[in-house]
Structures are given as structure tokens and as C-alpha cells.
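Visitor: I'd like to learn how to read a model like this one, feature by feature. Could you walk me through it?

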There are 2 protein chains.
Amino acid sequence: MSLRYAILTLLATEPASGYDIVKHFRETLGYFWNAKHQQVYQELKKLSEDGNVLVENQGQEDKPDKKNYRLSAAGLAELQQWLAGSVPPNKINDALLVKLYAGQFTDVANLKAEMHSHRQTHENTLQALLATEQRYRKLTPAEQAHHQLPYLTLRRGILGEQAWLAWADEVMQVLDEQDARS
Amino acid sequence: MSLRYAILTLLATEPASGYDIVKHFRETLGYFWNAKHQQVYQELKKLSEDGNVLVENQGQEDKPDKKNYRLSAAGLAELQQWLAGSVPPNKINDALLVKLYAGQFTDVANLKAEMHSHRQTHENTLQALLATEQRYRKLTPAEQAHHQLPYLTLRRGILGEQAWLAWADEVMQVLDEQDARS
DNA sequence: GCCCATTATGCAAAAACTTGCATAACAATA
DNA sequence: TATTGTTATGCAAGTTTTTGCATAATGGGC
């Protein structure tokens, strides 16, 4: 349900195509929002039918045509109405933790390999977030103030990933000990 | 898709009813798995049809009858097959971060109230997890060793919640400053 | 020249998940 | 005594999300 509002939020800052939005989720905002392209296209269609966004077809010469979406007054109103309410706490479903919980039914080597692979992903994410933070820190105070709230969400990503990696170290230590004992 | 394996994992430790499983998710494992009761009942039905679990109707005197599910050999095999593969990295969709990101379109008081309310939830969760950790620490070394992997998932919950709260402090500080300036 | 990645959109079907309603007995509380 | 909470299960319908397929042009590497 909140995908709708995630899209409206992006469009509130600047007009974009479905492709742009998907790219944004994948490359920049993946630490707090993820969606497949089909889901985004479908939601944009609905938003368009409901009058929350306006579409403009843009023919491009060397690339496929794109549809440029921008927020309508009604769209901004709906976003603000959503913002006025409270959002439910996050639902967590973590398959990796299920696997660890059930770890006694598989071998330690498997668990170690899995942790290793996930740690790589999280390390990559953290590095990308830290690089973004560096770029933020080089902005002028006025620019920083302007992006302060998005920056706070970036901080969530950074602190979250650091905590994940600290946890992974604990896990690897225990798994190494288990390995040594067998 | 992993709900299936979360359920098989719980049943691998001990037989349980749908109600028991839901309760377990809600009260104990909510920091890494969540599901509504309907979803659990539906999945148990499928697991039963596929021969992965065995059912036994238990009449109870003062309470409604319950269905006791336990893992079959085929169920254990399927769980182990799933464990042998790798699990995809977690998909994150955090509506609170969307709201913060779009914070410029609402007022600071609203954001502060929302953060406050979420912080309360996370503090309660952390306290519950820390209490569970204290109980674990009072076990004998042999018992601790037996629950070492579930304990590692508990650590994830604790480190995750602590990181969340540390982040919330950063956010509240910024929001207080913004409030003071206006 | 062939394959793959990127840009750009979409339909159709399946699977996963939520919401609303329904039943039913007991215990505690207002 | 009426309502609410806990135990215990489930159907039916809806919404959300995923998966599979499809098209189409350009540019780069082998």
C-alpha cells in the first residue's frame, strides 16, 4: 500500500518515468524501498487513472519513448493526507534468520558460506551509502539543510548496515568455533 | 515463500498447532518473522496436503479442539533441501523512512510524534529481547550450546533494535533543532 | 556478425498476503 | 449482566507482489 506513497514522494521532488523510479529504488533507495518494474508501472497506471499524476509522452530519438509522470495537485493532497496519518511499524520477514534458526538441520560449512555471501552484499551496500554520505558532507550548509530529512534516512541505512556487519562478526566467530570443535 | 520453511523449522523442534505457531511468531520471533493467522492456517493446510506434516485432532475439554501438527520425514527432507540452497537477501520496505524522506511536505510536530511512537515500540521490543537474553545466560553451558543458533538470531534482534534506537536519537535531535528554528 | 546489457514499457497469470466475516466456549472485568 | 479477551479454527474476497513472457532500438565487446 505504501508503494503508492513512495512513488508520490519521488514525483513530489521531480517528474520521472517509471524506468527512472525503478532505477532510483534499485540504485539509491534500495536500503528502504524495493519494487519490481511491473509493480511500479502498474501503480503509475492506477495513480494516473485516479488523477494523482499527469502523464506526458516523450519521444526520444536514440532510445525508446518514455512517459514522463508528474504530481498533480490532487496527488500532492493525497500524499499529504497519508503523511498526516501514522505509518504502521515495519513488517520483518528475514529468511536468513530462519535458516540460522534451523541451522542444526544443515552443516556449518553451508551456514558459513551463506553468511559470507550475505556479508559481501551488506558490505557493498554500506560502502555505497558511505560514499553518498561523503557527497552530502561536501555540500554547502544551505544545501545540506535542504536535504536534511533524506540524509536522516541515509543515516538509517548506514547505522543499519553497520549493525548488521557487527552481528555477522559475532555469528562468524561462533560458526568458526563450532567448526574447530568438529 | 519462506513462510513454509519458517513453519517447518518450528515444527522440526516440536509439534504445534496453527495457533501455537502464530503465537510464537507474535510473542517470540516477531523480530524476524511475522504472519497473520489465516496465512499460517492456509500454509499448514498445504503442507498437510503435500505430506510434509502430519495432523492429529486433539479434543480439549475446556478449550476449543486443536489440530496438532508434526513434521513428517518428507517435511524434514524438504526443509533440508531448502537449507542447502541459498536464501535471497532481505527485501526492505520501510514506510517510516518514506514518511521522513517526504517530511518537507508535512510538519515537524507530526514527524516528531511519529518517531516518538515508533521509538516506544522499538524500546518495548528491545526490552523483551534483552529479557530473553538474560534467561539464555542463566542456562547451563550445555543448554546454551544447544540453543546457540537461535541465540544468534536473538542477537540480531538486539543489535538491530539498538541500532534503530541510536538512529532515532539522531533523528530526534535534528527534529528538535528544526523545531527550535521555526 | 552474434550475443549481451541498457533503455523503456507492458500483459497475463500465479502466488503471497491482507481484510472481513464467522463460529464457539470459557474466564475475567466493568 | 454485558462486554471484552483468550483459545482455536476457517472461508471468501480482495489487494499486493512476483514470475514469465513480450517487444524494440541502440551500443559495446568478442
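**Reading the interface, a helix and the charged pairs**

Guide: Let's begin where the chains meet: chain B and chain A bury about 6,000 Å² between them, with 65% of that on carbon and sulfur atoms. Keep in mind that this is a predicted model.

Visitor: Which three residues of chain B supply more of the area buried against chain A than any other three?

Guide: Those are B:Tyr101, B:Phe105 and B:Arg156, and together they supply 13% of what chain B buries against chain A. As for the residues taking part, the contact draws 62 from chain B and 62 from chain A.

Visitor: And how many salt bridges cross the interface of chain B and chain A?

Guide: The general idea comes before the case. Side chains of opposite charge can pair when their charged atoms come close. Across this interface the rule finds two salt bridges. In a salt bridge between the chains, the side chain of B:Arg155 meets that of A:Glu170 at 2.7 Å, N to O. Polar contacts are there too: 24 residue pairs across the interface, both partners at pLDDT 80 or more.

Visitor: Which helices of chain B each supply at least two residues to the side that touches chain A?

Guide: On chain B, H1, H4 (73–84), H5 (95–101), H6 (108–137) and H8 (148–181) each do. H8(B) gives the most, with 18 residues. By type, the residues on that side of chain B divide into 37 nonpolar, 17 polar and eight charged.

Visitor: Let's stay with B:Arg155. What does its side chain meet within chain B?

Guide: Within chain B, the side chains of B:Arg155 and B:Glu133 meet in a salt bridge of 3.0 Å, N to O. B:Arg155 sits in H8 of chain B and B:Glu133 in H6 of chain B, so the pair ties together parts that are 22 residues apart in sequence.

Visitor: Are those two partners buried or exposed?

Guide: You read that from relative accessible area, where buried means under 20%. B:Arg155 has 14%, so it is buried. B:Glu133 counts as buried as well, at 4% relative accessibility.

Visitor: Now a helix. Which residues of helix H2 of chain B are buried?

Guide: For H2 of chain B, residues 18–27, they are B:Gly18, B:Ile21, B:Val22 and B:Phe25. The trick is to look down the helix axis: the buried residues of H2(B) fall within an arc of 100°, so they line one face of the helix. The face turned away from that buried side carries the exposed residues B:Tyr19 and B:Glu27.

Visitor: What covers the buried residues of H2(B)?

Guide: The cover includes helix H1 (3–13), helix H3 (37–49) and strand E2 (66–71) of chain B.

Visitor: Back to charges. How many salt bridges are there over all chains?

Guide: By this rule, the count comes to 24. Take A:Arg4 and A:Asp50, whose side chains meet at 2.8 Å, N to O. A:Arg4 lies in helix H1 of chain A, and A:Asp50 in the loop between helix H3 and strand E1 of chain A, so this pair ties together parts 46 residues apart in sequence. A:Arg4 counts as buried at 8% relative accessibility, while A:Asp50 counts as partly exposed at 46%.

Visitor: Which residues are linked with A:Arg4 and A:Asp50 in a network of salt bridges?

Guide: A:Glu43 and A:Glu78 are linked with them in that network. A:Glu78 lies in helix H4 of chain A. Leaving aside neighbours within four places in sequence, A:Glu78 is in contact with A:Arg4, A:Tyr5 and A:Asn52. Sequence and space can also be read side by side: A:Glu78 and A:Leu8 are 70 residues apart in sequence and 8.7 Å apart in space, C-alpha to C-alpha.

Visitor: Over in chain B, where does B:Asn52 lie?

Guide: B:Asn52 lies in the loop between H3 and strand E1 (53–58) of chain B. With a relative accessible area of 3%, B:Asn52 is buried. Its side chain is joined to that of B:Glu78 by a polar contact of 3.0 Å. Not counting residues up to four places away in sequence, B:Asn52 touches several others, including B:Arg4, B:Leu8 and B:Arg70.

Conventions. Residues numbered from 1 in each chain as written. Chains lettered and ligands numbered in written order. Heavy atoms only, no water. Buried < 20%, exposed > 50% of the residue type's maximum accessible area, 1.4 Å probe, protein only. Helix = DSSP H or I, 4+ residues; strand = E, 2+ residues; numbered from the N terminus. Arc of directions from axis to C-beta. Contact = heavy atoms within 4.5 Å. Buried area = accessible area lost by both parts, 1.4 Å probe. Salt bridge = Lys/Arg side-chain N within 4 Å of Asp/Glu carboxyl O. Polar contact = N/O pair within 3.5 Å; in protein donor to acceptor, adjacent residues only side chain to side chain. Nonpolar A, V, L, I, M, F, W, Y, C, P; charged D, E, K, R; others polar.
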